[in-house]
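Hi,

Here is the structure I promised to pass on. Have a look at it first, and my notes follow below.

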Amino acid sequence: MASQAGKRSVTRQGKRGLRLWPFNRKRTVSRRFERYPCCVVAVMHLTDRGYDIDGVVLEVSEGGVLFRTASQFVMDRQGERVIVFFDTVETAGTVVNVRAHGYGIKLDEQLDVMDVRRIAALYNHDQAKRSGFSNQEAPERDTPAETAA
């Protein structure tokens, strides 16, 4: 019994004598690039399977994007090679994370920080204001009223 008491002090014990360490630590993720929330209509092309999935890019950074499919279901596509088309960007990458709200895609080549900020300015006004990149610096887009005239 004395040896068990010694073990309890060495191994961190939780309720009912269960060992919690290292599982009780909060998981932290350090990111290399700042993420910018946005909502850009996009297409994800699965290179190995040869078909396209329609959706939106919900977050963009220099090193990756969060792609949400237009369908209700998110299939497990972790590790698949893809090409993502959104705004004026066409870039290849790999699905590294699959969550209920989308695919985390790590890009093969980094996006230019000015392109990322331009996309944030065009497709998410609130975030663009916070980052110091105004709509005046972003290229003009035709609005439906202007194209109809």
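A quick word on terms before the notes: a strand here is a DSSP run of E with at least two residues, and strands are numbered from the N terminus. Please also keep in mind that this is a predicted model.

With that in hand, I spent my time on strand 3, which is where Arg68 sits. Strand 3 covers residues 64-69, and five of its six residues are buried, so the rest of the structure largely encloses it.

What lies alongside it? Strand 2 (residues 51-60) pairs with strand 3 in the antiparallel sense, over five bridges. The two are joined by a hairpin of three residues, and Gly55 is found opposite Thr69 of strand 3. Strand 6 (residues 102-107) is also an antiparallel partner of strand 3, this time over four bridges. There, Gly104 of strand 6 is the bridge partner of Leu66.

Now for Arg68 itself. Which residues does Arg68 touch, leaving aside neighbours within four places in sequence? The contacts are Gly55, Val56, Leu58, Val74, Ala100, His101 and Gly102. With Ala100 there is also something polar to look at: the Arg68 side chain comes to 3.2 Å from the backbone oxygen of Ala100.

One last distance, in case you want to check it on screen: Met44 is 24 residues away from Arg68 along the chain, and their C-alpha atoms are 9.5 Å apart.

Cheers

Methods: Residues numbered from 1 in each chain as written. Predicted model: local features only at pLDDT ≥ 70, side-chain atom pairs only at ≥ 80, totals over all residues. Heavy atoms only, no water. Buried < 20%, exposed > 50% of the residue type's maximum accessible area, 1.4 Å probe, protein only. Pairing = 2+ DSSP bridges. Contact = heavy atoms within 4.5 Å. Polar contact = N/O pair within 3.5 Å; in protein donor to acceptor, adjacent residues only side chain to side chain.
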